[in-house]
Amino acid sequence: MSKLTTEERNALPDSAFALPGRRYPIPDATHARDALARASEMLHRGNLTQAEYDLIHSKAEDVLRRERL
């Protein structure tokens, strides 16, 4: 898993996170893939709602599409 330092995470704009509260950072393709994996796991554990999962999935896929261009 790709790591962000506290300083790097704090420097990210709110738009670089998939969920409010600065949860699930997705500033690049590596973090977007990690967010997709973690979100799936958390959904199955009951720690995310379907709506939260759908939002993470949508935003992460947008990041991955942009990275492919």
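## Helix α2 and the nonpolar core

Helix α2 has 17 residues, which should span 24 Å at 1.5 Å a residue, and its end C-alpha atoms are indeed 24 Å apart, so the two agree. (The expected span is 1.5 Å times one less than the number of residues; helices are DSSP runs of H or I with at least four residues, strands are runs of E with at least two, and both are numbered from the N terminus.) This is a predicted model, in which local features need pLDDT of at least 70, side-chain atom pairs count only at pLDDT 80 or more, and totals for chains, interfaces and linings use all residues. Residues are numbered from 1 along each chain as its sequence is written, and side-chain values use heavy atoms, leaving out hydrogens and water.

Let's look at the ends of α2. At the N-terminal end, D28 acts as a cap, with a side-chain oxygen 3.3 Å from the backbone nitrogen of T30. After α2 comes G46, whose phi is positive, near 90°.

Which residues of α2 are buried (under 20% relative accessible area, 1.4 Å probe, protein chains only)? They are A29, H31, A32, D34, A35, L36, A39 and M42. Their cover includes β2 and α3.

The largest nonpolar core (buried Ala, Val, Leu, Ile, Met, Phe, Trp, Tyr and Cys residues joined through side-chain atoms within 4.5 Å) has 16 residues. These elements each supply at least two of them:

| Element | Residues |
|---|---|
| β1 | 17-19 |
| α2 | 29-45 |
| α3 | 50-68 |

The most comes from α2, with six residues. Beyond four places in sequence, A39 is in contact (heavy atoms within 4.5 Å) with Y24, L48, Y53 and I56.

Terms used:
Buried means under 20% relative accessible area, exposed over 50%, partly exposed in between (1.4 Å probe, protein chains only). A polar contact is a pair of N or O atoms within 3.5 Å; within protein, one must be able to donate a hydrogen and the other to accept it, and residues adjacent in sequence count only if both atoms are side-chain atoms.
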